[in-house]
Every structure is written in structure tokens, then in C-alpha cells.
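Welcome! Here is a short guided tour of a protein model and the molecules it holds. Take a look at the sequence and structure first, and then read on.

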Amino acid sequence: MSTVEVPINGERLIADLKRLREFGACGIGVVRTSLSPIDVESRHWLRGRFEEAGLDARIDGAGNVIGRSRNPGKAVLIGSHTDTQPTGGWLDGAMGVIYGLEVARALSEAPATKDRALDVASWLDEEGRFFGCFGSLSFVGETPAHALDALDTTDGTNLTLGDALHEAGLAGVAPERLDPNRHVAYLEAHIEQGPYLEEEGNRIGVVTSIVGARNFIVEFEGEQNHAGTTPMARRRDAAHAMVDFAHAVYREFPTAAGERSVWTIGEMTLEPNAMSIVPGKARLNLQFRDQDPTVLDRLEALSLDLLARANAGPCAATMRPRKHHSIPAPMDVNLRGHLERAAERHAPDQWTSMPSAAVHDAQILASHLPSAMLFVPSINGVSHAFEEDTSEEDIVLGCQVLATATASVLIATD
Ligand code: HGY
Ligand code: MN
Ligand code: MN
């Protein structure tokens, strides 16, 4: 393991993180959904910061902010995302991008690494306002064609991604692509977004594998009618059908689930959603995740079985896949070693290896490039909520571990 010193500047790191937080600040949280006006504004700011750090920076046709080192030779790529959930926290994604910026500066300031190449990226739409991981999928050449025209935003603004890119002035702008002759590794740092690091007294997590996640829209169609005059036996109540289906999911998924499977019904809507009207239509979003694709297949098969049972009732039920279905991805063992040694150096006995129960752009890159991730603790394990937070000490420590590991990976390319 290289023992080069690549000191980061913690104050500079925190200052940039807090400046980014101001784009879409909402109390202690952030609302900066991909390609919203404030997100576009933040991307131009970020591009400027990349340039000031000596990177050749641009916003590409997929909305990615890419900073490319001007140094020749093999490059490590560090990235994450700066778009947020409809009600998000200030660190989810943003921390990993600003880490990349700070590591690029630290490498350029250290004699042993000033001629090394580090590229930095903010991937568009990891959070799936439009699709999910759209920017990183574009970068690896897997742009999902139907994502551009889909009308299915998570924040109810109903705009297609194509229109949003056009409004951001990015229509026709060339996308950046992974360069297999240049990029040798991808590293991503992220908040854990869960409770384990904090509960176990660890300050760094080295990710072993990233979960796969699937989303389905399940729709129920009955008959809208009067809530008073329609006898119970004659109703085709879409709400009743949806609630029965949801109840069956919670009752039967444990029979098909793995040890760490999770499933969530995070969206439910009724039409016309009026107190004296029997709903004619209802729809829910069913999401489930696991590290094992065969478990995901089992849960999907069970969902279809529950759908068939719903169709035996008075309402018609349909189920269709929604947005990006992420594939479980093991992290590169060699890169994990660099992260583990750096963690032991800066946080001896306060680090652990662990799976990621959240989806990340790293699982997109992992199909094309050796990839690895590190986590820092989330206070109270909270994320995808305004209360999301991490101590400044842990934020700075995580960045130093990443800088040391990045230097070690770069030197190992000799
Ligand atoms: O949902 C996820 O796992 C990610 O934070 N988008
Ligand atoms: Mn994230
Ligand atoms: Mn997220």
C-alpha cells in the first residue's frame, strides 16, 4: 500500500458542501430534484468549482457535470449525484461529489500525486425523478431510450426528461462516455443512509455489494359510484381491491423474502379521491430490494400471483415495471482492499465491511469498470428525509480515507 500523504482540506470540503446545500435549501433539508431550475443552477456552480480545481469541466447532454483531469495517463473516476429526492437531505449524493472535488484538489496539491489523473462526476437523476441513474447509465452507454419520453416524475411535475434537458439548454449536447483506455477504477463515497455504522461505533463502511431494486405500478380499475346508494355487495371498489393487495403483500412477502429483503409501498392514489365517491381507480407503487437476483425474481413471481388473486375479485388489476430496475452488484475486491487499508490507517478498528441496502450509481459503473464504495455514518440512520445528517468530523474523515485510497489506486496503476 502506498504511504503517500494526500492531506485534504476539511474546511474547504465543508464550505463547498454547505454552499451546495444552499441550492434548494428547505429548512434543514434540500429539495433539488434533477433538472429543476435550482438543480440546473447548482450544476453550473459545480462546473465552475471543478474548473477552479483545475479540471476541464462541462455539463454533458445527459445533464452530468463531468470534470476531467488535464493530466495524461490512466485516470480514476470519482462520482455520485447531486439531485435529491422530492424531500431530501443535504448529503445524499452531494457528499460524494464534493468529496471528488476535494480529492482532486488534494491530489493536485500533493507532490507525489500532482501529475496523476482523477476525473470527477455528478451523475444526473440517480434519485429517479425521471428514471433513476440516468446520468451514469448514459455515461456507460446504456441510455434507456424510453426514459426520455416517459411522463412519470416522482414529484408530480409531469415533464418528460427530454423536455427537461431541452429546457436546461442541453438538447443536442454530446454526452460524455466512459473511456476504457483511460478510466481504470470508479470510487464512490456516500452516507450509509442506515443505522448500522452508528450503532456499532464504526466511522467508515467499505461496501461489499449493492442491492438490486425493482419498482412496479399496480393499478386497480372498478366502478366509480355513489358512496351511499351503492350496496356493498354490488360495489367494484378499487380502494378495497388495492388495500387487499397491499395487505397480501405484507402478509405473504416474508414467505419468499431473503434475510435482508425489504419491500415498500411508498405511493398510493385513489381516483377521484373524494369522501362520498366509491373510487373507480386506484394505484400503488410496489418496490422491493435484495442482494440476490433470484430472491428478487421470487418476490416478483409472488407479486404476479397476488395480482392474479386480485383479478378474481370485482376489479381489474394490472402491474407494470416502472423506472430503472437496478441489478445487484458486488464491489471490486482489489479496490475494496485499497479502501480497507486507508480506513485502517485513518480510522483504526473503527471501520467495517458491509452491504449497501441503497441503490447507487456505482452499481451502474460496476458493470463496466472495477468499482467500490465507502460509507460514512448517518446520524440516527435517517436519510431521504430533511433530518438526514452526519457529523462534520465523520464527513472530513471519510474524505481523507477516500483521498488516501484514491492515491493508492493511482500509484498501483504504474
Ligand atoms: O433509493 C435509493 O436507494 C437511492 O437513495 N436512490
Ligand atoms: Mn444517493
Ligand atoms: Mn437517495
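Please keep in mind that this is a predicted model. A good place to begin is with two residues of the metal site: D92 is buried, and E127 is buried as well.

**The two metal ions**

Let us start with the manganese ion (ligand 3). Its coordination comes from D92 (OD), from E127 (OE) twice, and from H384 (NE2), at 2.1 to 2.7 Å. If you follow the chain, the donor residues of this ion are spaced D-x34-E-x256-H. D92 lies in the loop between β5 (75–81) and α3 (94–109), while E127 lies in the loop between β6 (117–123) and α4 (134–139), so this pair ties together parts that are 35 residues apart in sequence.

Now turn to the manganese ion (ligand 2). Its protein donors are H81 (NE2), D92 (OD) and H190 (NE2), which lie 2.1 to 2.3 Å from the ion. Along the chain, these donors follow the spacing H-x10-D-x97-H. H81 belongs to strand β5 and D92 to the loop between β5 and α3, so the two tie together parts that are 11 residues apart in sequence. H81 and D92 are both buried.

Which residue bridges the manganese ion (ligand 2) and the manganese ion (ligand 3)? The bridge is D92, and the two ions lie 3.4 Å apart.

**Ligand 1 and its surroundings**

Next comes ligand 1. The residues around ligand 1 are E126, E127, Q193, R289, A358, V359 and H384. Two of these names may look familiar: E127 and H384 also coordinate the manganese ion (ligand 3).

The table lists polar side-chain contacts of ligand 1.

| Residue | Atom of ligand 1 | Distance |
|---|---|---|
| E127 (side-chain N or O atom) | nitrogen | 2.8 Å |
| R289 (side-chain N or O atom) | oxygen | 2.7 Å |
| H384 (polar side-chain atom) | oxygen | 2.9 Å |

How much of ligand 1 does the protein bury? Taken alone, ligand 1 exposes 210 Å², and the protein buries 90% of that area. The space that ligand 1 takes up is the largest pocket.

**Putting it together**

As you turn the model, try to find D92 between the two manganese ions, which it bridges. Then look for E127, which coordinates the manganese ion (ligand 3) and has a side-chain N or O atom 2.8 Å from a nitrogen atom of ligand 1. H384 is another residue to look for: its NE2 atom coordinates the manganese ion (ligand 3), and a polar atom of its side chain lies 2.9 Å from an oxygen atom of ligand 1.

How values were computed. Residues are numbered from 1 along each chain as its sequence is written. Chains are lettered from A and ligands numbered from 1 in the order in which they are written. This is a predicted model: local features need pLDDT of at least 70, side-chain atom pairs count only at pLDDT 80 or more; totals for chains, interfaces and linings use all residues. Side-chain values use heavy atoms; hydrogens and water are left out. Donors are N, O and S atoms within 2.8 Å of the metal (3.2 Å for Na, K and Ca); water is not among the atoms, so sites may look incomplete. Helices (H or I, at least four residues) and strands (E, at least two) are DSSP runs, numbered from the N terminus. Buried means under 20% relative accessible area, exposed over 50%, partly exposed in between (1.4 Å probe, protein chains only). A residue is near a molecule or strand if one of its heavy atoms lies within 4 Å of it. A polar contact is a pair of N or O atoms within 3.5 Å; within protein, one must be able to donate a hydrogen and the other to accept it, and residues adjacent in sequence count only if both atoms are side-chain atoms. Accessible areas come from the Shrake-Rupley method with a 1.4 Å probe; for residues, only the protein chains shown count as cover. On a 1 Å grid over the protein atoms alone, a cavity is a set of points where a 1.4 Å probe fits but cannot get out, and a pocket is an open set with protein on both sides within 12 Å along at least five of seven lines; lining residues have an atom within 4 Å of a point. A molecule sits in a cavity or pocket if more than half of its atoms lie within 2 Å of its grid points.
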